[in-house]
Amino acid sequence: MLNTGLRTGELLGLLNSDIDLERKTLTVRQGVKEVSRRDGTEFTSGREIKVGKPKSATSKRTVPLNRTAVEMIEDHLRKEVYFGQNTPLVADGNGGYTKPVNLRKRFYRILKAAGIEQKGLHSLRHTFATNLVNGQKQPDGTIKALSPRQVADLLGHSTSQITELYYVKKDTARLSGITEGFEM
């Protein structure tokens, strides 16, 4: 999620067949959410997984995979828990869809074990967006960054304003020294 900007439901809705490692892309076609169980119009105890359309029309998209994302898929997900092409990328122990609450609990355990402050899974999406817009300083001193519109497209937002208002924290510290050599 940190390297793709996917929402939790989008990640959990991915099938292995949605991943193209040759082209280094994944395609978001569906999402997973957890809902209260129903028997007709009556609620019953417990929760169940519902697989359906992504959050919005712009959520259906193809996302490029960076080297880290490709390695994670190859080294961890496909080697450890692979049930076939038409099964979830992040499968439960039986090859079915993972409940969002179970992924969240696993994430919190990892953070705690690493001594990292507990944050929600969605913070990974925010960090992804912030890092892309603020950019990374390159060895030659330049900053490689994406425009808010490009990041909005990667995140499946309909407008770049959503990305800028709710996802990106400006980090002017990365600009330190960038104007060297631009004396007028």
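This is a dialogue on how to read some features of a predicted model.

Visitor: How many helices and strands does the protein have, and in what order do the elements run?

Guide: The protein has six helices and seven strands. Starting at the N terminus, the order is α-β-β-β-β-β-α-α-α-β-β-α-α. The C-alpha trace spans about 70 × 35 × 35 Å along the principal axes.

Visitor: What percentage of the residues is buried?

Guide: Buried residues account for 34% of the 184 residues. A residue counts as buried when its relative accessible area is under 20%.

Visitor: Among contacts between residues at least 6 apart in sequence, what share joins residues at least 24 apart?

Guide: In this protein the share is 54%.

Visitor: Which residues have the most contacts inside the largest nonpolar core?

Guide: A nonpolar core is a set of buried residues of certain types joined through side-chain atoms. The largest one here has 21 residues, and L6, L11, L14, I19, L26 and L65 have the most contacts inside it. At least two residues of this core come from each of α1 (8-13), β2, α2 and α3. Another core lies apart from it and has eight residues, among them V133, L154, L155 and Y167.

Visitor: Take L14. Which residues does L14 touch, leaving out those up to four places away in sequence?

Guide: L14 touches L6, I19, L26, T27, T87, P88 and L89. Of these, L6, I19 and L26 are also listed with L14 among the residues with the most contacts in the largest core.

Visitor: Now a helix. Which residues of α5 are buried, and where do they sit around the axis?

Guide: Helix α5 covers residues 148-155, and its V151, A152, L154 and L155 are buried. These residues lie on the same side of α5 because they cover an arc of only 160° around the axis. The elements that cover the buried residues of α5 include β5, α4 and α6 (160-166). After α5 comes G156, with a positive phi near 80°.

Visitor: What sign does phi have in most residues other than glycine?

Guide: Most residues other than glycine have a negative phi. K24 is not a glycine, yet its phi is positive, about 60°. K24 is placed in the loop between β1 (19-20) and β2 (25-28).

Visitor: Why does K24 count as partly exposed?

Guide: K24 counts as partly exposed because its relative accessibility is 44%, and that class lies between the buried limit of 20% and the exposed limit of 50%.

Visitor: On to pockets. What is the volume of the largest pocket, and which residues are closest to its centre?

Guide: The largest pocket has a volume of about 820 Å³. It is lined by 27 residues, and M1, L11, M72, L77 and L103 are the closest to its centre. Both α2 (67-80) and α3 (100-114) supply at least two lining residues, and α2 gives the most, with seven. By type, the lining has 21 nonpolar, four polar and two charged residues.

Visitor: How many residues line the second largest pocket, and which lie nearest its centre?

Guide: The second largest pocket holds about 530 Å³ of space. Its lining has 17 residues, with N66, F128, L132, Q136 and L146 nearest the centre. Two or more lining residues come from each of β5 (61-64) and α4 (122-134). The largest share, four residues, belongs to α4. This lining divides into nine nonpolar, seven polar and one charged.

Key: Residues numbered from 1 in each chain as written. Heavy atoms only, no water. Buried < 20%, exposed > 50% of the residue type's maximum accessible area, 1.4 Å probe, protein only. 1 Å grid on protein atoms, 1.4 Å probe; cavity = no way out; pocket = protein on both sides within 12 Å on 5 of 7 lines; lining within 4 Å. Points joined across faces, edges and corners; volume = space filled by probe spheres on them. Nonpolar A, V, L, I, M, F, W, Y, C, P; charged D, E, K, R; others polar. Core = buried A, V, L, I, M, F, W, Y, C linked by side-chain atoms within 4.5 Å. Contact = heavy atoms within 4.5 Å. Arc of directions from axis to C-beta.
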